[in-house]
Amino acid sequence: MKFSVSRETLLRPLSIMVGVVARRPTLPILSHLRIEANEEGFTLTGLDLEVELTWQLSLHRLDVGGSITVPAKKLSDICRSLSEGSLLEFSLDDQRVVVKSGRSRFVLATLPSSEFPSIQLSPIKHQVTLPQGQLLNLIRRNDFAMARQDVRFYLNGMYFELATNRLRAVATDGHRLAMADAAVQTAEVEKSSMIVPAKAVNDLAKLLDEIEDPVTLIFGEQHFQVNMPNATFVSKHIEGRYPDYEQVIPRQSDKLVVCDRLELRNMLSRISILANEKLLGIHLQLTENTLTLIAKNPDQEEAEESININYQGEPLDIGFNVGYLVDVMDNIGDQVEQVQIALSSPTSSALIQAAGGGDAFYVVMPMRL
């Protein structure tokens, strides 16, 4: 095996691949990348038995094709350490990979590519094509609400649901819920869904860009797949039944608050400075056209601030985790200028969305303070 490839070609793929490969591998080869060079180009593959990413790249020159595995992080560090515009020459010497660039020479241990595992693809149920920027936006508006290490394993991921002309993403940790829709073009399809692990969602977000280039989303019986022009992303799904998120969304709220998103977000940030560091609870006090936020902590410190809003309902005092509200304001979308918050009582959840409606909804449970 002998070939050469430019540093710029490898730099971004390697940085993403390092995040995909197993951090604490049960098998040594899972900390490696498989590299394969042939007349069609250069292929990198990394996985952790739950997620697999394959990336096709162009070669500068191919002398002898071949396939081998190399330590992922070490190769990435070598690539990052080299100067811009460098050319990396790979060759195989006694089952070790030699990487040369200018006057630098690195010798890396290898493992046989024949021992490199792969995720078994399952039969395809549905697939849909959409701009990758649209898929990235769908993920970004929801991922903060995913649970990470919840004993309810089915919450440790994002729920994707495909229906006729609609792709929906939902995430919840049991205290808050995020839901966003994307319009897609499909034939008449039976509703299909899948829970994608949180790590896979985060890895996929790093792979996507805010561009109109299309990607194909595949719902398999046992796997979730995204096909891009130069990369293929595969993830196993989480077995389990996702909660009925529709039942969580409050529909009978009779108190509607409309206010400026950035003004509210900045006020929440200031008030949070003196909130209880463990509970992060604050009071929202509503009176006619006025919202007052109050934070207190065990040191007898207190913060209070008011803003003008559009509100005509009865007075209300309700508590929330300030961090949850800040997350909503940060992720609902930069294009959203006004938000509306639907409330009913001090013990009922809040429904937050763009004023006048939108394609993203957020539910936040109240706190007893």
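**View 1. Lys-199 and Asp-203 pair up inside helix α4.** Lys-199 is partly exposed, at 25% relative accessible area, while Asp-203 is buried, at 3%. Here, buried means under 20% relative accessible area, exposed means over 50%, and partly exposed is in between (1.4 Å probe, protein chains only). The two form a salt bridge, with their closest N and O atoms 2.7 Å apart; that term asks for a side-chain nitrogen of Lys or Arg within 4 Å of a carboxyl oxygen of Asp or Glu. Both residues sit in helix α4 (residues 198-207), four residues apart, or about one turn of the helix. Helices (H or I, at least four residues) and strands (E, at least two) are DSSP runs, numbered from the N terminus.

A quick word on what you're looking at: this is a predicted model, where local features need pLDDT of at least 70 and side-chain atom pairs count only at pLDDT 80 or more, while totals for chains, interfaces and linings use all residues. Residues are numbered from 1 along each chain as its sequence is written, and side-chain values use heavy atoms, leaving out hydrogens and water.

**View 2. Arg-80 meets Asp-77 in helix α2.** This salt bridge spans 2.6 Å, N to O. Its partners are three residues apart in helix α2 (residues 72-81), again about one turn of the helix. Asp-77 counts as partly exposed, at 26% relative accessibility.

**View 3. Arg-168 reaches Glu-246 from a distant part of the chain.** The closest N and O atoms of this salt bridge are 3.2 Å apart. Arg-168 belongs to strand β12 (residues 166-172) and Glu-246 to helix α5 (residues 245-248), with their positions 78 residues apart in the numbering. Arg-168 is buried, at 8% relative accessible area, whereas Glu-246 is partly exposed, at 34%. The structure holds 19 salt bridges.

**View 4. A cavity lined by nonpolar residues.** How many cavities of 30 Å³ or more does a search of the whole structure find? Just one. On a 1 Å grid over the protein atoms alone, a cavity is a set of points where a 1.4 Å probe fits but cannot get out, and lining residues have an atom within 4 Å of a point. The largest cavity holds about 40 Å³ of space, a volume being the space filled by probe spheres set on the points, which are joined across faces, edges and corners. Val-257, Leu-284, Leu-286, Leu-291, Ile-341 and Leu-343 line the largest cavity. Strands β19 (281-287) and β23 (338-343) each supply at least two of the lining residues.

Methods: 1 Å grid on protein atoms, 1.4 Å probe; cavity = no way out; pocket = protein on both sides within 12 Å on 5 of 7 lines; lining within 4 Å. Nonpolar A, V, L, I, M, F, W, Y, C, P; charged D, E, K, R; others polar.
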